[in-house]
Amino acid sequence: MKPFIVILLVLTAFPVFAEDSSGAESPDVSEALFEHVLDGNTLELFPFLPEINLPQGITMHRLMLVLSVLLIAVFYLAWIKKGDLKPKARTVFLENLVLFVRDDIVYPIMGEERGEKWLPFFSTMFLFIGTMNMLGLIPALKSATGNINVTTAMAIIVFLLTFIAGFKRLGFVHFFKNLFPEGTPLGIGIFVMLLELLSMFTKSMVLSLRLFANMFAGHLAILSFLVLIFVITPFFGFVSVPFSVFTYTLEVLVGLLQAFVFTLLSCIFIMMASTPEGE
Amino acid sequence: MMARAIAVVGAGIGIAGGSIGISIIGAKALDAIARQPSEKKDIRTNMILMAALIEGLAFFGAIIALLVVFK
């Protein structure tokens, strides 16, 4: 505990050496803030080293997408061995992540019989989003979920899957009949059906916006505390560094929570669309 | 400058609304857990779900305000 406090104190005192430039450079500040979260073409590994220009067509967010896929694949292939009598700690860690998805998300909502078929999809989704969120917390890397294109693509997959699951379970005609409330006049029934279809679309799209907004705003919040050092006075570091450390630890929680929420909500949407009325 | 100021106030109002919603959820969920401790797990899952739904709305406000401020 002691060395941790000493390191924190030293870090807190560092901004005192920052150059005082009160007021004059406020447009640069917002540029620096957005450079931190938006997609870029350069990889800056360390503040004083020259930036690495990525090849044409590869941006930071694409790199992070590929990196998270590789991380998951490599860790799962290398760390999990079937039939280990005495599993190692890392194996248990990875197994518990999947078990969490199974016991807390998929089985309580879908039931064991149907959940077993959907489990690979949802556990992959949880790990993929969680890994991307966590990658953004490492300095010099960015989180791909802070890009609305990535999250919308995933939401479209969920939106299409609600239809596919419904058609498979209920059949094409019965799926639309299910949206039609029984015993209502034809005109009102069709109107309600259209509303139901619209709400299915909006729910999926809000799913993407939630993840994007959380990651985007969270990373901006971390940095905007630090930017105050340059805007107000270097001595503000004593306040803003602890605050941004707090926001950072909060981001670890938020990253996992958003992966959980995305998986849970998509599970509920898919289940709702493919359950017959009154079941 | 005026637009920026209004945007910041708007973000504050939006986040205040979200916080009221989440606080109601938290209070009711704690009430429910105190009454039925055996149903803790279900209540917690639903609580997080509802909080996430409301939090999304609060974030819309924050993002729109950010876009106006840094434009």
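Helices here are DSSP runs of H or I with at least four residues, numbered from the N terminus. With that in hand, one spot to look at is Gly111(A), which comes right after helix 4 of chain A and has a positive phi, near 85°. Keep in mind that this is a predicted model. Below is a quick tour of two bent helices, the nonpolar cores, chain B and the place where the chains touch.

**Helix 4 of chain A**
- Helix 4 of chain A runs for 22 residues and covers 30 Å from its first C-alpha to its last, close to the 32 Å expected at 1.5 Å a residue.
- There's a bend of about 35° in helix 4 of chain A, and it sits at Arg102(A).
- The buried residues of helix 4 of chain A are Val101(A), Ile105(A), Val106(A) and Met110(A).
- Their cover includes helix 5 and helix 9 of chain A.

**Helix 5 of chain A**
- Helix 5 of chain A takes in residues 112-135, which makes 24 residues. From first C-alpha to last, helix 5 reaches 32 Å, close to the expected 34 Å.
- Helix 5 of chain A bends by about 55° at Trp118(A), with a proline, Pro120(A), following within four residues.
- Plenty of names turn up on the buried list for helix 5 of chain A, among them Gly115(A), Phe122(A), Phe126(A), Thr131(A), Asn133(A) and Leu135(A).
- Helix 3, helix 4, helix 8 and helix 9 of chain A are included in what covers those buried residues of helix 5.

**The nonpolar cores**
- The largest nonpolar core holds 43 residues, and Phe216(A), Phe262(A) and Cys267(A) have the most contacts inside it.
- Both chains chip in: helix 3, helix 4, helix 5, helix 6, helix 8 and helix 9 of chain A, plus helix 2 of chain B, each give this core at least two residues.
- Helix 9 of chain A supplies the largest share of this core, with 9 residues.
- If you skip its neighbours within four places in sequence, Cys267(A) is in contact with Ile105(A), Val106(A), Ile109(A), Met110(A) and Phe122(A).
- There's also a second, separate core of 5 residues, including Ile222(A), Phe225(A), Leu226(A) and Ile229(A).

**Chain B**
- Chain B has 2 helices and 0 strands.
- Its radius of gyration is 16 Å, well over the 11 Å that the globule rule gives for 71 residues, so chain B is more spread out than a compact globule.
- Along the principal axes, the C-alpha atoms of chain B fill a box of roughly 55 × 15 × 10 Å.
- Of the 71 residues in chain B, 15% are buried.
- Take the contacts in chain B between residues at least 6 apart in sequence: 83% of them join residues at least 24 apart.

**Where the chains touch**
- On the chain A side, 12 residues are in contact with 10 residues of chain B.
- Helix 2, helix 8 and helix 9 of chain A are the elements that give two or more residues to that side.
- Helix 8 of chain A makes the largest share, with 8 residues.
- Sorted by class, the chain A side has 9 nonpolar, 2 polar and 1 charged residues.

**A look at Met205(A)**
- You'll find Met205(A) in helix 8 of chain A.
- Met205(A) counts as partly exposed because it has 16 C-beta neighbours inside 10 Å, while being buried takes 20 or more.
- Met205(A) and Phe243(A) are 38 residues apart in sequence, and their C-alpha atoms are 32 Å apart in space.

Notes. Residues numbered from 1 in each chain as written. Chains lettered and ligands numbered in written order. Predicted model: local features only at pLDDT ≥ 70, side-chain atom pairs only at ≥ 80, totals over all residues. Contact = placed C-beta atoms within 7 Å. Nonpolar A, V, L, I, M, F, W, Y, C, P; charged D, E, K, R; others polar. Expected span 1.5 Å × (residues − 1). Bend = angle between axes of the 7 residues up to and from the residue. Buried ≥ 20, exposed ≤ 12 C-beta atoms within 10 Å, placed from the backbone. Core = buried A, V, L, I, M, F, W, Y, C linked by C-beta atoms within 7 Å. Rg over C-alpha atoms; globule rule 2.2 N^0.38 Å.
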